[in-house]
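Visitor: I should like a close look at a single part of this model, and then at what surrounds that part. Please take the helices first and proceed outward from there.

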Amino acid sequence: MIKDVHVVAADPAGNITIMVLDEIRQNERLYIATRLLGYPEWNAEQVGFVMPPVHGGMGRLEMMGGEFCGNATRSYGYYLAAVRGITEGSVTVEISGTKALLQVDVNMRAQTAWTQMPVPHKIEQVYLIDVGTVPVVHMDGILHVIMENTIPLDKMTQQIIKEISQKYRTEAIGVLYVQQQSMHPVVYVKTTNTLVAENSCGSGSIAYAYYLSRNVMTGECHTEIEQPGGIIETQMIKEAGVIKSCRMGGQISISDILTVRV
C-alpha cells in the first residue's frame with residue numbers, strides 16, 4: 001500500500017500526537033499508524049484518525065487502538081478551533097474510548113488547551129505477583145496502575161501489563177511511576193500491541209490527581225504534574241467524596257497540514 005495522507009502533528013507536553021485528516025478504513029489504520037510512528041523526525045507516540053461525528057460533537061477522533069486519550073482530545077479540539085477561526089472559546093469533541101461529549105477550551109494566543117475528562121470510575125487495590133498490592137484507577141477506555149516511589153523497569157512494566165491484561169478487558173493500560181508531583185507514564189495499547197514510555201499522559205494525569213485527592217471530600221483540587229515532556233495541570237471538583245467534574249490541560253502547539261506518503 002502506497003498512498004498520500006494529510007496529517008497534523010500536535011505537541012501537548014511532549015506527547016506527540018499525529019492526527020490523520022483523511023477518512024481511513026479500519027483495516028488500513030494499523031499499517032498507516034505504524035508507518036507514521038516510524039518517522040524519526042516526529043518521534044510521535046500515538047496516532048488518531050479524524051472521522052465524522054456520531055454523537056453530535058463538532059468532530060470525532062478515533063485513536064489507533066480504539067483507546068481513550070486526553071492529550072489527543074485537547075490536540076484535536078485545538079485543531080478544530082484553529083480551522084474554525086476560534087481564537088478563544090470552546091469546541092465539543094468526540095473521541096474513541098468514551099461516549100461522552102467533551103468540551104475543549106482553547107486560547108490560541110496563550111497556546112493552551114484544556115479538555116473535560118470522563119470522571120474516573122473507581123480506585124481498586126489489586127494484588128500483582130512480585131509487585132504487591134497497588135492502586136488501579138478505572139477510567140473509560142483505559143486502566144492506570146499507580147506505582148509509587150518505584151524506578152521504571154522494563155521487566156516490571158511488562159509483568160504488570162501481562163497480569164492486568166489477564167484480569168481485565170480494556171483497550172489500554174497505563175503504568176504510572178510516580179513520586180510526589182512527578183510522573184513517568186508508560187502506556188500499552190492492546191490492539192496495536194504498542195508499549196510506549198510517554199513524555200506525558202493526560203488520562204494518567206487525571207488518574208494520579210484522583211488518587212492524590214482520594215481523602216478530599218469537598219472542594220476544588222488543582223495539581224501540576226511534572227512529566228518528562230512538560231507539565232500537565234489538572235482540576236477536579238468533589239462533593240461529599242464524589243467527583244463532579246474534572247479536566248486537564250496546559251501548553252500545546254500544532255503543525256500546519258502536512259502531506260505524507262505511507
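Guide: What follows is an account of two helices, then of a strand, a cavity, the cysteines and several loops. The model is a predicted one.

Helix α2 covers residues 70–83. Its 14 residues, at 1.5 Å a residue, should span 20 Å, and the end C-alpha atoms are indeed 20 Å apart, so expectation and model agree. The surroundings of this helix may be read from its accessibility: 12 of the 14 residues of α2 are buried, and therefore the helix is largely enclosed by the rest of the structure. The buried residues are Gly70, Asn71, Ala72, Thr73, Arg74, Ser75, Tyr76, Gly77, Tyr78, Tyr79, Leu80 and Ala81. Following α2 comes glycine 85, which has a positive phi, near 75°.

Helix α3, residues 154–167, may be set beside it. This helix also has 14 residues, for which 1.5 Å a residue gives an expected 20 Å; the C-alpha atoms at its ends are 20 Å apart, in agreement. The buried residues in α3 are Thr157, Ile160, Ile161, Glu163 and Ile164. Their spacing may be read against a general property of helices. With 3.6 residues a turn, an α-helix has residues three or four places apart pointing the same way. The partners of the buried residues of α3 are strands: they pack against β8 (122–128), β9 (132–139), β10 (142–148), β11 (172–179), β12 (182–189) and β13 (194–197).

One of these strands, β9, includes valine 137. With a relative accessible area of 0%, valine 137 is buried, since the cut-off for burial is under 20%. Apart from neighbours within four places in sequence, valine 137 is in contact with Pro120, Lys122, Ile123, Ile142, Leu143, His144, Ile146, Ala207 and Tyr210. The C-alpha atom of valine 137 is separated by 6.4 Å from that of glutamate 124, a residue 13 places away along the chain.

In the loop between β8 and β9 lies aspartate 130. Although aspartate 130 is not a glycine, its phi is positive, at about 65°. Its relative accessibility is 72%, so aspartate 130 counts as exposed.

A second loop offers a further case of positive phi. Alanine 240 is placed between β15 (230–239) and β16 (242–251). It is not a glycine, yet alanine 240 has a positive phi of about 50°. With 59% relative accessibility, alanine 240 counts as exposed, the cut-off being over 50%.

The interior may be considered next. The structure holds one cavity of 30 Å³ or more, and about 120 Å³ of space lies in the largest cavity. The elements giving two or more residues to the lining of this cavity are β12, β13 and α4 (202–212). The lining consists of 17 residues, and Gln46, Glu67, Cys69, Val187 and Glu198 lie nearest the centre of the cavity. By class, nine of the lining residues are nonpolar, five are polar and three are charged.

The cysteines give a separate question of pairing. The structure holds zero disulfides. Cysteine 221 takes part in none, and the nearest cysteine sulfur, that of cysteine 246, is 11 Å away. For cysteine 246, the closest cysteine sulfur is in turn that of cysteine 221, and the 11 Å between them is too far for a bond, because a disulfide requires sulfur atoms within 2.5 Å. Both residues are buried: cysteine 221 has a relative accessible area of 13%, and cysteine 246 has one of 4%.

Finally, two residues may be taken from the loop before α1 and from α1 itself. Arginine 25 is located in the loop between β2 (17–20) and α1 (26–37), and at 54% relative accessibility arginine 25 counts as exposed. The C-alpha atoms of arginine 25 and phenylalanine 49 are separated by 9.7 Å, with their positions 24 residues apart along the chain. Asparagine 27 lies within helix α1. Asparagine 27 is exposed, with a relative accessible area of 64%. Its C-alpha atom and that of glutamine 159 are separated by 30 Å, the two residues being 132 residues apart along the chain.

How values were computed. Residues are numbered from 1 along each chain as its sequence is written. This is a predicted model: local features need pLDDT of at least 70, side-chain atom pairs count only at pLDDT 80 or more; totals for chains, interfaces and linings use all residues. Side-chain values use heavy atoms; hydrogens and water are left out. Buried means under 20% relative accessible area, exposed over 50%, partly exposed in between (1.4 Å probe, protein chains only). Helices (H or I, at least four residues) and strands (E, at least two) are DSSP runs, numbered from the N terminus. The expected span of a helix is 1.5 Å times one less than its number of residues. Contact means heavy atoms within 4.5 Å. On a 1 Å grid over the protein atoms alone, a cavity is a set of points where a 1.4 Å probe fits but cannot get out, and a pocket is an open set with protein on both sides within 12 Å along at least five of seven lines; lining residues have an atom within 4 Å of a point. Grid points are joined across faces, edges and corners, and a volume is the space filled by probe spheres set on the points. Ala, Val, Leu, Ile, Met, Phe, Trp, Tyr, Cys and Pro count as nonpolar, Asp, Glu, Lys and Arg as charged, and the others, Gly among them, as polar.
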